[in-house]
Structures are given as structure tokens and as C-alpha cells.
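I opened my notebook to go through this protein piece by piece. These are the entries I kept.

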Amino acid sequence: MLATVGEPLSMGTREFWFLPKLLIVVVLLGVANDTLALEHTVLFCDFEQEWDVNYDRLPDHWTRDHRYPRYVPAYTEPTEVSGEALAIRLNGGGAIFYSPPFPVHHQFEYEVRADVSTTGLSRNRAFLSLRFLKAAGQNPGEIPPEDVTESRRLNGEVDWIEVTVTPTSPREEMRFAVVGLHLEPEGRSDLEGVASFDNVRVDLRPRIELAVSAPWGIYEESDEISIHCQAFGLMQEDLPLKFKIVDFSRDTAQAHETPLITRTVGVAPEVLQQLVPASLATETAVRAVEPALNTKKVFQGSGSWNVGRLPPGFYRVVAEIELPDSDYSLRRETGLTVLQNAKASPRGGFTWSLPQGTDPVPLRELPSFLSRMGINAVKLPMWRARREAESEDELAWLVDRLLDQQINVIGVLDQPPDEVKALLPVPESPHMADLFAGPVSVWFPHVEPLMTRFGLRIRWWQLGGDEDFSFVRLPGLDAVIGRVARSMTQFGQQIHLGFAWTWPQQDALSENTSWSFNIWNAQPPLTVEELDSHLHRAVESAPEKWVMITPLASDEHSAESRVRDFIERIVVCKRRNVGHIVIPQPFDDRIGLFHSSGTPTELLPVWRTLALALAGAEHLGPLELASHSRNEAFRQNEGFCMVVWNEGSEEETLFLGEDLEVRDVWGRSLPGGSEEQSLRLPPHKWPWLINGKNLPLLQWQRALQFEKSHLPSVLGTPHENALLVENPFPVPAQATLKLSLPDSWDVNQTIFQLQLPPRGSHRQPFSIRLPRDAQVGRQRVRVDVTLHAGAPYHFQAFRDISVGSQDLVVEVEADLNERGELEVEQRLINHTDEFVDFNGELYAPGRRRLMVFVRGHGQGVDTRTYFVENGRELAGETLWLRIEEQNGSRVFNHRFQVPEFD
């Protein structure tokens with residue numbers, strides 16, 4: 001039903017004229033069972049002529065924010081898609097437009113939708129906002145952040161898409177709301193570019209709230225979980241409440257259904273009249289919903305579910321109430337995390353940066369909260385924290401409690417007091433290099449109180465924020481930092497200084513500096529490959545490397561991509577022995593381990609599991625495994641940790657001793673555990689993390705190698721080789737080694753009895769003769785080891801020996817052509833300047849031998865093709881390609897299976 005009014009409506013000190021389509025009150029009536037679902041569109045604006053009665057090409061009753069100058073053109077103009085739209089055309093600056101205020105009620109939630117397109121935006125972003133007001137005359141630009149909800153931000157080239165603001169409920173004292181259409185710069189503004197907005201719509205719906213029993217939604221695996229749901233603005237009793245818990249893969253872990261327990265909170269007309277000003281609640285508007293609505297009550301309902309325990313991981317809790325005879329259902333999701341029962345190591349090297357101070361965790365709760373997060377250090381903006389703490393004693397209490405939890409505090413000097421900002425070239429965005437390069441008399445009086453109170457507690461100090469790169473090109477940097485260090489240590493305490501640095505400037509660092517660490521940062525985040533390359537190039541003896549790991553943005557990447565990238569970058573940092581792995585903004589809706597509200601994201605359990613498993617780890621290297629699973633091994637105190645990616649289809653077997661803890665990155669224990677002598681890792685989508693105590697056993701297997709891992713493709717001639725063995729155990733070791741090579745290889749000795757002293761090594765020679773039909777390429781060799789070094793061990797080690805020439809490579813590919821022939825393409829790749837001659841022979845079961853001849857082939861690729869008739873009959877058969885050097889000793893044997901053809 002449409003309620004329209006053409007009379008002025010006074011709201012506080014302002015006056016608005018409500019025209020047709022300005023406010024729409026729609027009541028959807030159900031017929032069956034005399035039910036009714038309450039749902040309204042409370043604002044709709046399509047910027048057509050009805051919204052511009054004075055023909056000034058601006059929407060009536062919308063207001064423009066005064067924060068941006070009005071020289072940026074903004075008008076309604078025709079679109080190619082649907083009628084008129086509000087277009088903002090940049091020439092620098094930005095613009096914000098606010099809708100007319102519309103009434104709101106805390107019983108309900110409000111969803112904003114609009115069609116948006118952008119062209120040529122680089123620095124500016126287009127987005128929507130919903131702002132709740134206590135009074136209609138309140139300035140929308142002065143609304144505090146807790147009463148503002150924003151959509152995702154668009155830039156670049158975006159054709160018309162629908163953008164939404166997450167359904168949001170006002171606080172009880174809020175009475176009105178406005179929609180904001182924004183085109184704002186992030187830093188400097190674009191000089192050109194367009195953003196257009198159309199079909200702005202605000203829908204009111206019944207509200208549902210969902211809460212879990214643990215603060216912040218964080219449980220440990222021994223905790224009981226319970227969930228509570230409340231619904232508001234219902235028009236019917238006896239509705240079922242459905243709960244569901246899904247894991248990260250969206251597989252249902254548990255489900256539950258219970259009746260919604262309801263109580264009456266009013267009669268529908270009374271509630272509806274609270275939604276609109278008195279002059280809009282006309283007799284016509286009330287009569288429009290008779291007789292179905294006049295006797296209907298409005299209900300509030302609740303329901304609970306005691307879930308019990310869940311294994312570690314990230315879960316989404318879903319609560320849903322289906323409204324009869326309506327396509328709309330009330331649905332709410334929230335996240336919870338179950339963490340493994342463990343505490344962080346004091347040698348972890350896993351750090352959080354808290355640029356917003358203690359928000360959103362209350363200061364008094366922060367130490368116990370952080371102690372569960374797997375970190376051993378936290379970066380705290382000391383100037384800001386000192387201003388926000390109720391007293392300096394409270395800040396001292398926080399630092400002491402963090403140290404009690406074995407969490408080191410890195411004091412960050414990046415948000416100076418206003419009187420210091422006023423002295424800097426750019427007070428709004430202060431660069432700390434400008435401050436600390438200046439006279440000591442300017443900045444030290446503001447640092448001295450911190451050093452006096454905290455100098456003996458906090459030994460690590462960061463100059464500038466994580467994105468303040470002003471020190472990178474500071475003239476005389478080493479002398480400046482030396483002067484700062486001397487000033488800050490005048491009370492006798494030893495401190496370590498550091499600041500942010502950029503990857504492109506890593507070669508500018510010298511081996512000896514007056515500072516102790518650098519925070520390496522990049523925006524946008526480096527890929528895994530880029531990060532590995534930069535860390536590989538970084539000077540080992542330069543200041544200690546602290547690397548910022550900024551997760552991929554949730555509005556630009558899938559959850560699975562974000563988790564995989566997050567894991568890979570953390571492992572790369574540990575593989576390159578980074579001093580501290582730093583999360584820059586743990587509480588952030590786009591890149592955080594938590595949302596800004598404090599509820600966890602899917603990255604939290606992954607972070608926590610990796611931090612606990614890899615705490616204090618030093619890289620050893622990979623271990624060759626039977627199924628070629630990718631892995632990295634690390635020394636950890638007197639034990640070890642391994643990260644193993646078994647993403648294939650085969651089970652992987654490892655021999656790592658007893659007392660193993662095996663979990664995946666979500667913190668879930670390996671089903672079935674490990675056997676006494678072996679660990680069997682099933683294929684898994686995510687890496688396995690293995691913590692063990694028998695470091696020498698792991699080192700023994702890593703050290704066991706062939707002296708030569710490559711044999712030339714010279715057949716019938718002995719090739720000398722040797723087994724290289726080390727004994728990492730602190731006691732003498734007796735070992736029996738048995739070689740299992742390809743059946744056709746002729747080996748002069750396969751069983752060796754060895755005696756090794758503590759920490760000793762041994763070279764065991766042997767020879768291999770390759771037969772005429774020896775296959776080229778990588779061949780798997782198994783070494784069975786029976787070892788006694790203080791305790792008995794029996795395990796198998798797998799190593800590869802490649803047969804062939806490193807200078808000459810043969811590649812083979814087979815396919816069916818249109819004539820039904822099997823085409824076998826032989827590619828001989830010569831990496832030398834030498835000219836070679838080869839004969840090629842192809843043997844197929846039941847077919848005559850086919851031959852090709854390669855003469856005088858120099859550097860590059862020579863391609864020859866064999867054609868076998870009735871190729872489909874050979875599907876699944878094994879063919880043999882033999883390529884023999886003329887007037888030489890090299891022979892290349894390739895056996896390959898013909899694929900099945902469609």
C-alpha cells in the first residue's frame with residue numbers, strides 16, 4: 001500500500017516536503033491461515049523527474065555534505081540502462097550526498113541497496129553508507145562510527161552492479177536514518193573519473209540476533225558451546241527456529257530445530273505508527289491495512305541450543321526462521337572458532353600490531369585475550385595508549401600483565417601529541433623521520449616520560465607506524481638513529497630501535513647499522529613467489545627482518561584463496577628464518593583475523609595453529625618422501641616441526657619416532673594418530689603440521705643422500721656412486737642399509753653394515769651398471785634402514801636418481817589424429833653447441849618397428865613424428881621409444897602408456 005503526503009513535515013529545526021515515492025510503506029499480506037509477514041520498503045529513489053520538480057538536475061530533499069568543495073559537478077543524467085541516475089564527475093576532491101531522513105525503529109533491521117557504476121577511478125572510491133540519527137536535523141557528517149555502516153568500495157571500471165549495505169539495526173535511542181552516496185579519495189584525489197548511483201532502496205525487515213556463549217566467539221576444544229537466538233518484529237507465533245553449524249568447507253557439522261518461544265510486544269498498528277511521523281500515519285494509511293492488521297500482534301521470540309563440544313576449526317553458526325506464505329526468511333550467521341588447548345611459546349616470533357590501541361578489546365581484558373592467540377609479542381602505539389588509558393598507572397598495569405603472560409611489548413612511537421604534530425611539515429599525516437631527525441629538544445620531552453616509566457620494561461621501540469616509510473631515504477639515517485638511540489638510553493637501559501622499510505630498497509641496507517630491526521611491508525601484499533624472492537635476496541647480516549603479513553582482502557578474494565595464501569606466506573617467512581611475522585590489523589573486516597566487531601574470521605584458527613606449531617622454529621629444509629609430498633622441516637628447541645602438503649591421492653608414510661603431535665592447519669588432530677614406527681598421513685586439502693621430539697632421527701633421514709643423484713645414459717658401463725651417511729645422535733650408531741633399485745639395474749653391493757661414532761659421518765661407495773633397456777628420467781630408489789642409536793629404529797628412505805643427459809633431453813607426447821593414427825611426437829632438445837646424430841626406434845605391441853633419424857642436430861629442439869596405424873587399439877598399452885647415439889655411448893629409453901581416447 002502507498003501512503004503519500006504533500007504537506008510540509010517539521011522535523012526539529014528543519015522542514016522537508018515529502019512527495020510521492022519519497023516514503024513508501026508496503027505491507028505484504030498473507031492469505032492462507034490468516035498469516036502476515038511484516039516487510040516494508042521505507043525509501044526508494046530512482047532519480048527520475050518526480051525527484052526533481054524544480055528541474056535543477058539535482059534530487060529534491062537530498063543534501064550535499066559540506067566537507068568537499070562544490071566545484072565537483074554532480075547532476076542527474078540519462079543512462080543507457082535505466083532512465084536517470086545521479087552522476088558525480090571528478091575534477092579533484094570528492095562528493096557525498098545524503099538522502100532525506102526516514103524514521104527507524106530498533107525492533108527492525110534496514111538493508112540498503114543501490115545500483116552503482118564507476119569509470120576511470122584510481123584513488124577515489126564509490127560506496128554507500130547507512131547512518132542512524134537521534135533527530136532528523138542532526139548533521140549526518142558528524143555521526144559517530146558506531147552508528148554508521150558502509151558497503152564495499154568500488155574503483156576502476158565497474159559496469160552497473162548492485163551494491164548493498166549489510167542489514168543493520170539502530171540502537172534503541174536512534175529515531176531516523178539517512179543513506180549516503182559517497183565518492184571519496186583515499187589520499188590524493190583523482191582529477192577525473194565518474195561514479196553514478198541509481199535505484200537507491202531501503203528495506204525494513206524483522207530483526208534476528210544470534211549470539212554464542214563464549215566472549216568473542218572463541219572456544220577451546222574442551223569447552224561446551226551454546227547458542228542463543230532472538231527475533232523481533234514478528235507477526236506470528238509458533239514459528240520453528242532452525243540452527244545449523246557448518247565448517248569452513250560448508251559441510252554441516254550439526255543441526256538442530258526448536259520452537260521459537262514468543263511474547264507479545266504490541267499491536268501491529270501501534271508498532272507501525274512508530275515507524276512513520278504522526279502526519280504520515282493518516283487515517284488512509286491505517287485503513288489500508290484493515291482488517292487483517294488491526295487485530296494482529298507483534299511478537300518477540302527466542303530460542304537456544306546447547307551444542308556440546310566441537311573439534312578445533314572455524315565454524316559458521318546459522319539461525320533461520322521461515323515466515324509462512326512468504327519467500328522471505330529470517331536468517332543470521334556468525335562465526336566461532338574452536339582452538340586447540342595450548343599456550344604460546346615465549347620464543348614464538350609471531351606478533352600482532354595494534355595500531356588502534358586496545359580497541360575493540362577492553363584494556364583490562366587484553367592480556368588474557370592475547371595469551372590465547374599464539375603470539376609472543378605485541379606492538380602497541382605508546383603515545384596513543386597513554387592518552388587513552390584512564391591513567392598512566394593503567395597503561396603500566398597493561399604492560400606488566402602482558403610481560404607476565406610472556407608477551408613482549410614493542411613500543412611504537414607513531415601518533416605524537418597534538419603539540420608535537422603542529423611542529424611537523426604535514427601535521428595531518430605526520431612522518432616520524434621529520435620528527436626524530438629534528439632537534440632532540442623538540443621530541444625528547446615527549447619521549448622522556450615513556451622511557452622513565454617503561455624503559456626497563458620495554459626494550460624494543462619502533463619509530464613510526466607500519467606504513468611510515470619516511471626513514472628509507474632520510475639523509476644521514478645511520479647518524480640520526482644513533483643520536484635517537486643515545487638519547488633514549490641515557491638512563492642506562494639497553495634498547496633496540498627499528499622502523500618500516502620497503503622491499504625495493506632492501507639493497508640499500510648495509511651490514512652494520514645503528515638500528516636493530518626493520519619492518520618489511522608492501523601494499524598490495526606480495527605474492528608468495530615475490531615474498532620468497534625478496535627474502536632470498538635480503539642480506540642475512542642486515543638488521544633483523546620483521547615481515548608484515550597482510551591477508552588478502554575478503555571482498556576481493558575467496559575465503560579458500562585467502563587461507564591458502566596466508567598459510568604459504570607464513571611458511572615462506574619461517575623457511576627464510578624471519579625474526580617476527582607480524583599481523584598489521586588483527587581487527588579489520590577486510591584483512592583481519594577478527595571482524596571489527598570482535599567476532600573471528602576463518603584466518604584466526606589457521607594463525608593460531610601455525611603459530612603454536614612453528615614457534616621458535618629454525619629452517620632445516622625438505623625431506624624426500626615416498627609419495628613426493630611437498631614439505632618443510634624445522635628445528636624447534638630440541639625437537640622439530642614439519643609442514644607436509646599431501647594433496648595427492650596416495651597416503652604418505654613418514655618415520656619420525658614416537659610422541660608425535662599431528663594436526664591440520666585448523667588444529668584438528670590426525671584421526672587414529674600414529675603407529676609406533678611410522679606415521680601415515682592421508683591425502684588432505686590442507687597441510688599437516690607434525691611436532692616431534694626425536695630431532696636426530698629426522699636429521700639422519702635428511703642427511704642420507706646419494707653422492708651422485710644423476711647418471712649419464714651410458715649403458716653397460718659401471719657408474720661409481722656412494723651413500724653419504726651422518727649420525728646426528730650423541731651416541732654411537734650401528735646401521736644396516738639395504739638398497740632397492742630398479743630390477744634391471746646391476747649393483748655390485750646392496751647391503752651395507754655401518755658403525756658410526758657420535759656426530760660422525762661415513763661415505764659408502766658402490767657401483768651401478770645400467771642395462772640396455774634402462775629407462776631415462778627420474779627413478780625411485782628405496783633404502784631400508786635398521787638403526788640402533790640408543791634405541792632401535794627401522795625406517796625406509798626414498799631418494800631419486802635421474803638417468804639421462806643434462807645436456808640432451810628427450811620429450812615424448814602421443815595423441816590420436818583425425819585419420820585414426822597414433823601420432824607419437826619425439827622432441828630432442830640439445831642444450832649444447834655440439835652437433836649430434838641419433839637413431840630413434842619406436843616399439844608398439846603387435847606392430848612393426850618404426851624408425852627416424854636425427855643427423856647433425858645442433859642447439860635447440862628437433863621434432864620428429866611416428867605414425868602408428870589403428871591407434872585407438874593401442875589405448876592403455878605401453879610403448880617403448882629408444883633413441884641411440886650414432887658413434888657415441890648415450891642411449892635414451894622412454895616407456896610410456898598410451899592414453900584412453902574419448
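What follows are my notes, from the overall picture down to single residues.

**Overall**

I'm working with a predicted model here. I counted elements first and got 13 helices and 54 strands. The C-alpha trace spans about 105 × 85 × 55 Å along its principal axes. Of the 902 residues, 54% are buried. I also looked at contacts between residues at least 6 apart in sequence: 70% of them join residues at least 24 apart.

**The sheet with β50**

I traced an open sheet of four strands, ordered β51-β50-β53-β54, with antiparallel pairing. At its edges I find β51 (850-857) and β54 (891-897), each pairing on one side only. Neighbouring strands here are turned by 15° against each other on average, direction ignored. Inside this sheet I followed β50 (residues 836-843) against β53 (residues 878-885), an antiparallel pair with six bridges. For a register check I took G840, whose bridge partner in β53 is I883.

**The sheet with β22, and a helix across it**

Next I looked at an open sheet of five strands, in the order β16-β23-β22-β18-β19, and the pairing is mixed. β16 (218-220) and β19 (252-259) stand at the edges with a single partner strand each, so one side of each has no neighbour in the sheet. The twist averages 25° from one strand to the next. I picked out β22 (residues 313-322) and β23 (residues 329-339), which run antiparallel and are joined by ten bridges. G313 has V338 of β23 as its bridge partner.

Then I asked what lies across β16, β22 and β23. That is helix α12, running at about 5° to β23. How many residues of α12 (residues 603-613) are buried? I get eleven of eleven. The buried residues include W607 and R608, with L603 and A613 also among them.

**β47 and its two partners**

I noted two pairings for β47 (residues 792-803). Strand β40 (residues 710-711) runs parallel to β47, with two bridges between them; H710 stands opposite S802 there. Strand β46 (residues 777-788) runs antiparallel to β47, and twelve bridges join the two. Within that pairing, R782 has F798 as its bridge partner. The hairpin of β46 and β47 has three residues between the strands, and G790 takes a positive phi near 85° there.

**Two helices side by side**

I measured nothing by hand for this one; the axes come from the model. Helix α10 (residues 528-537) packs on helix α11 (residues 559-575) at an angle of about 10°, and the axes are 9 Å apart. Angles under 35 degrees count as roughly parallel, so I wrote down α10 as roughly parallel to α11. From α10 the contact takes V528, L531, D532 and L535, while α11 brings D565, E568, R569, V572, C573 and R575. Sorting the contact by class, I find five nonpolar and five charged residues, and no polar ones.

**Cysteines**

C573 turned up in that helix contact, so I checked for disulfides next. How many disulfides does a search of the whole structure find? Zero. The closest cysteine sulfur to that of C573 is in C641, 15 Å away, which is too far for a bond; a disulfide would need the sulfur atoms within 2.5 Å. I looked from the other end too, and the sulfur closest to that of C641 is the one in C573. C573 is buried, at a relative accessible area of 0%, and C641 is buried at 0% as well.

**Odd backbone spots**

I kept a list of unusual backbone geometry.

- The peptide bond from D359 to P360 is cis, with omega near 0°; P360 lies in the loop between β24 (350-353) and α3 (366-371).
- Q523 and P524 are also joined by a cis peptide bond, with omega about 0°; I find P524 in the loop between β29 (517-521) and α10.
- Y55 is not a glycine, but its phi is positive, near 55°. Y55 lies in the loop between β5 (40-45) and β6 (63-64) and counts as exposed at 63% relative accessibility.
- D238 has a positive phi of about 60° and is not a glycine either. I place D238 in the loop between β17 (225-234) and β18 (240-247), exposed with a relative accessible area of 72%.

Conventions
Residues numbered from 1 in each chain as written. Predicted model: local features only at pLDDT ≥ 70, side-chain atom pairs only at ≥ 80, totals over all residues. Heavy atoms only, no water. Pairing = 2+ DSSP bridges. Axes fitted to C-alpha atoms, helices over the stretch in contact; angles between N-to-C directions. Parallel < 35°, antiparallel > 145°, perpendicular 65-115°, else oblique. Contact = heavy atoms within 4.5 Å. Nonpolar A, V, L, I, M, F, W, Y, C, P; charged D, E, K, R; others polar. Buried < 20%, exposed > 50% of the residue type's maximum accessible area, 1.4 Å probe, protein only.
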